[in-house]
Amino acid sequence: MGWISTVFVHKALDAAVSLASADEDARGKLFKSVGLDPSAPVDPGAMISDGDFFGLLERIAKLDDRGRFVPVQMGASMCCDDYGAFGLAFKSAPDLLSSYARVERFGKVVTSIANFRVKQVGPTVFMEVVQGGDPRLGLRMTNELALAATMSLSQEVSSEDFSPVAVHLMTERPEVDDVYHAHFRCPVHFGADRDALEVATKVAVRPNRLSDNGMSRFFETHLDNQLSQISDRSELEQGILDQIGEALSEGVPTLAEIAGCMGMSSRTLQRRLSAEGLAYQDLVSSARKSLSEQLLRRTDYALAEIAFLTGFSDQSTFTRAFKRWHQQTPANYRRGTPV
């Protein structure tokens with residue numbers, strides 16, 4: 001089960017009142033439908049389940065023809081301060097590309113759904129929503145909300161007028177699409193193969209208006225601590241990742257070596273991995289990726305040293321792997337993430 005901050009519940013119902021045919025009485029009933037008190041203060045740290053939030057959006061979509069557009073209206077109303085420390089980390093990053101990297105890295109602080117990955121493809125950057133497995137309308141609406149909010153935050157922090165190259169939406173084109181064009185102010189490609197905001201790289205690397213290295217480091221540390229308290233991994237998966245991380249400086253450990261560290265046979269560990277749909281090599285890659293990110297962010301080790309500490313035979317092999325993970329070199333990643 002996933003979760004999402006109740007900030008989005010408040011925003012959804014404010015948008016439903018202003019855009020769709022919901023009055024204050026209906027707003028109160030919708031709040032109660034997800035177990036919330038409409039008079040309670042907004043708390044970015046309070047969460048509801050993803051299923052409850054999807055259901056809420058689906059009920060709003062049924063209010064009238066404009067209800068389906070509430071996610072875009074919600075996103076248009078979002079600002080960095082709505083997100084607490086997460087929003088301040090976005091705002092204080094050196095440039096928009098670094099802000100997007102923080103969304104990719106810390107998104108689970110505000111929700112376990114509609115998280116992003118950042119892809120640099122030639123002259124453009126894609127802020128792409130990681131697709132969930134649930135095809136229901138509520139998830140599609142949540143993805144649209146995520147992109148609309150990213151647009152608003154990008155406008156807020158940009159030192160110059162922000163305009164994306166395009167927005168890509170997997171949803172089919174509605175009969176009326178004025179809300180999308182009014183907010184995104186760029187070509188909107190419906191029926192696309194992804195949900196993504198496409199931004200010119202030259203725009204993404206412009207300095208943020210409110211960039212502050214000291215504040216950025218502070219909020220990054222704060223969010224690291226918050227993220228460490230959130231885990232959707234099983235005990236087995238986390239245990240294996242921890243063991244691999246500790247062993248990497250001596251080379252990549254075998255499954256048999258990790259099984260021995262965990263007090264079980266190789267066959268037992270393999271059986272438990274299969275039962276949870278996990279692959280050992282994927283966990284090795286995940287542990288290397290996580291450790292390399294930490295070393296690049298938090299130390300001034302040379303890249304050759306980081307390659308050694310993460311179990312690679314040489315720096316060039318490490319660099320190729322890192323570029324697969326992040327679509328950028330370790331050096332560029334380090335420059336975009338202050339130590």
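## Cavities

A search of the whole of this predicted model turns up two cavities of 30 Å³ or more. The largest cavity has a volume of about 220 Å³, and the second largest has a volume of about 40 Å³.

## The largest cavity

If you would like to find this cavity in the viewer, start with Phe8, Tyr83, Ala114, Phe116 and Ala146, which lie nearest its centre among the 18 residues of the lining. Two elements, helix H5 (85–92) and helix H7 (137–157), give two or more residues each to that lining. H7 provides the largest share, with six residues.

As for chemical class, the lining of the largest cavity has 13 nonpolar residues, five polar ones and no charged ones.

## The second largest cavity

Here the lining is made up of Leu96, Ser158, Ser159, Val203, Arg206, Pro207 and Asn208. By class, these residues divide into three nonpolar, three polar and one charged. The charged one is Arg206, because Arg counts as charged.

## Two residues with positive phi

Now for the backbone. Most residues other than glycine have a negative phi. Arg185 has a positive value, with phi near 55 degrees. Look for Arg185 in the loop between helix H8 (178–184) and strand E6 (188–189). Arg185 counts as partly exposed because its relative accessible area is 39%, which falls between the 20% and 50% limits.

Gln327 is not a glycine either, and has a positive phi of about 55 degrees. Gln327 sits in the loop between helix H16 (315–326) and helix H17 (330–336). With a relative accessibility of 29%, Gln327 is partly exposed.

Methods: Residues numbered from 1 in each chain as written. Predicted model: local features only at pLDDT ≥ 70, side-chain atom pairs only at ≥ 80, totals over all residues. Heavy atoms only, no water. 1 Å grid on protein atoms, 1.4 Å probe; cavity = no way out; pocket = protein on both sides within 12 Å on 5 of 7 lines; lining within 4 Å. Points joined across faces, edges and corners; volume = space filled by probe spheres on them. Helix = DSSP H or I, 4+ residues; strand = E, 2+ residues; numbered from the N terminus. Buried < 20%, exposed > 50% of the residue type's maximum accessible area, 1.4 Å probe, protein only.
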